[in-house]
Amino acid sequence: MRSLSVFRISGLMLLILALGVTSGCRKKKYENPITKDTQQPDKVLFDKAIADIERGRYEVARLTLQTLINTYDTSEFLAKAKLAIADSWFREGGANGLAQAEAEYKDFILFYPTMEEAAESQERVCMIHYRQMEKADRDNMHALRAEDECRQLLVQFPNSKFAPRASQL
């Protein structure tokens, strides 16, 4: 009886081994080295920073993104990291945060003018000044700047999806 059960167990192990060998002989599909679920260090840093931005930890996110920019200067996430830094300042708000966001958005437009996100950056600069407009009887500096920035969006990116909204503003 005992030898019969050993035979069954060894037969089962032989079957599992055979399945493992035959499945290993098939061609494996080539995997793109840059996918959403990779564990590449630049992708890990970018994902961590985005999670920090979503949780309101803007300073930590900016430090992580700056590490990514300084360490992986050929990363495909370089432009997105630059934009995420600007977005973190924009989300943080306040006079200082919005001024920093404007500077970062302008830098993004300067370094990546052909990317689709450049139009979005210009729209955000327009919105920074539009949101800072106060009552009509007060200083109209932000109203003039908002008008200039929205006009710049229409001139620089006339076919973007942000152009109709900018023309209304």
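This short talk walks through three helix pairs and the largest pocket of a predicted model.

Hi everyone, thanks for coming. Let's start with the helices and then move to the pocket.

The first pair is H2, residues 41–54, and H3, residues 58–71. Their axes lie 8 Å apart, and the packing angle is about 160°. That angle makes H2 roughly antiparallel to H3. The crossing of H2 past H3 is left-handed. From H2, the contact uses Asp 42, Leu 45, Phe 46, Lys 48, Ala 49, Asp 52 and Ile 53. From H3, the partners are Tyr 58, Val 60, Ala 61, Thr 64, Leu 65, Thr 67 and Leu 68. Sorted by class, this contact has 9 nonpolar, 2 polar and 3 charged residues.

Next come H5, residues 94–111, and H6. Here the axes come within 9 Å and cross at roughly 155°, so H5 and H6 are roughly antiparallel to each other. H5 also passes H6 in a left-handed crossing. If you'd like to find the contact on screen, look on H5 for Leu 98, Ala 101, Glu 102, Tyr 105, Lys 106, Phe 108 and Ile 109. Facing them on H6 are Glu 117, Ala 118, Ser 121, Gln 122, Arg 124, Val 125, Ile 128 and His 129. The split for the contact of H5 with H6 is 8 nonpolar, 3 polar and 4 charged.

Now for H4 and H6. Are these two parallel or antiparallel? The angle between H4 and H6 is about 15°, with the axes 12 Å apart, and therefore H4 and H6 are roughly parallel to each other. Once again the crossing, H4 past H6, is left-handed. H4 brings Lys 80, Leu 83, Asp 87 and Phe 90 to the contact, while H6 brings Glu 117, Ser 121, Arg 124, Ile 128 and Arg 131. By class, that contact has 3 nonpolar, 1 polar and 5 charged residues.

That leads us to the largest pocket, which holds about 220 Å³ of space. Which helices each supply at least two residues of its lining? They are H2, H4 (78–92) and H6 (116–131). H4 gives the most, with 6 residues. The lining includes Lys 80, Leu 83, Asp 87 and Phe 90, which also belong to the H4 side of the contact with H6. Glu 117 and Arg 124 are in the lining too, and both take part in the H6 side of that contact. Likewise, Phe 46 and Ile 53 line the pocket and are among the H2 residues that meet H3. The rest of the lining is Ile 50, Glu 54, Ala 84 and Arg 91. In terms of class, the pocket lining has 6 nonpolar residues, 6 charged ones and no polar ones.

That's my tour, and I'm happy to take questions.

How values were computed: Residues numbered from 1 in each chain as written. Predicted model: local features only at pLDDT ≥ 70, side-chain atom pairs only at ≥ 80, totals over all residues. Heavy atoms only, no water. Axes fitted to C-alpha atoms, helices over the stretch in contact; angles between N-to-C directions. Helix = DSSP H or I, 4+ residues; strand = E, 2+ residues; numbered from the N terminus. Parallel < 35°, antiparallel > 145°, perpendicular 65-115°, else oblique. Left-handed = near helix turned anticlockwise from the far one by under 90°. Contact = heavy atoms within 4.5 Å. Nonpolar A, V, L, I, M, F, W, Y, C, P; charged D, E, K, R; others polar. 1 Å grid on protein atoms, 1.4 Å probe; cavity = no way out; pocket = protein on both sides within 12 Å on 5 of 7 lines; lining within 4 Å. Points joined across faces, edges and corners; volume = space filled by probe spheres on them.
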